[in-house]
Amino acid sequence: MPSSIELVENTTPLETNQNEQSSQQLLLIENEQYLSEAFAIHGTNLGYQTIKVSTGEVVSKELPRYLVDNQPNMIVLDVGFADSVKLLLIRDIRALFDGLLVVVSSKNSEQEQIDAFTLGADDYLVKPMNNRILMLRIAALFSRQNNKSNQVALASLTVGDVCLQPKSQKCFINGALVKLTTFEFKLLKVLLEHQGKILSRDQLYNTLLRRVYNGVERTLDVRMSQLREKLTLAGMKKNQIETVWGQGYMFNNLSS
């Protein structure tokens, strides 16, 4: 049986305006021409790059194979007059795709909308609709996604060539991920938050270990040495963890 997915020539040329929108690639899944015609008329001006996928009865088998090698920024799925079985395609898509997913339907059904959102849709639109409204809804989703990305960036902590993402507990040196233990991450985070200031062993023990430093224990010193070695091996050159004799530790940005 031939494949039910037919990749059609991009509806907008790849050499469109090189701005933020031109980097957005959309996969249009439909049996008709509703979406591809709308994007052919209005999508060119917005600089979107679109690929149409024609769906058939075995799409649930073919589409996952396609998504394994291709990850667009958004999928727009026209389910037409869908039944509950066809809506399960949303679940199949979500198993391999975590980008934006818009469902377009010919049915103004409250239950179908609930099912679509439950299965993983980001928006649900009923056709026919004004093409400009469709484009505005698409743009609004991208805008909200960009705002969330900016919020993540603001939530990160960067000093020199070290970047920490507290929510995901990830550490990057010059953009490369460095594996740290939970304690090492917390230790580095405290140091970065007090960059340029000496933190005594008493402060660090109280903050990280919730106990008083007894003046003899070497636990923190060993962990600090291991952290320093990991960061150095990972290529940290713009910062250093300095041992201040008789006082504690300080994280210095050498480029400041």
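**Salt bridges in a predicted model**

Let me begin with one pair, where E112 and K107 form a salt bridge whose closest N and O atoms lie 3.6 Å apart. Please keep in mind, as we go through the pairs, that what we are looking at is a predicted model. The two partners of this pair do not sit in the same kind of surroundings, since E112 has a relative accessibility of 4% and therefore counts as buried, whereas K107, at 29%, counts as partly exposed.

How many salt bridges does a search of the whole structure find? The search finds 9 of them, and I will take you through two more.

The next is the salt bridge between R218 and D221, in which the closest N and O atoms are 3.0 Å apart. Is R218 buried or exposed? R218 has a relative accessible area of 55%, and because exposed means over 50%, we call this residue exposed. Its partner D221 has a relative accessible area of 10%, and because buried means under 20%, we call D221 buried.

Finally, I would like to turn to K127 and D78, whose side chains meet in a salt bridge with an N to O distance of 2.5 Å. This pair links distant parts of the chain, for K127 lies in the loop between β6 (123–126) and α5 (131–155), while D78 belongs to strand β4 (residues 74–80), and the two are 49 residues apart. Both K127 and D78 are buried. These two residues are also joined by a further one, because E32, D78 and K127 are linked in a network of salt bridges, each being a Lys or Arg side-chain nitrogen within 4 Å of an Asp or Glu carboxyl oxygen.

Methods:
Residues numbered from 1 in each chain as written. Predicted model: local features only at pLDDT ≥ 70, side-chain atom pairs only at ≥ 80, totals over all residues. Heavy atoms only, no water. Helix = DSSP H or I, 4+ residues; strand = E, 2+ residues; numbered from the N terminus. Buried < 20%, exposed > 50% of the residue type's maximum accessible area, 1.4 Å probe, protein only.
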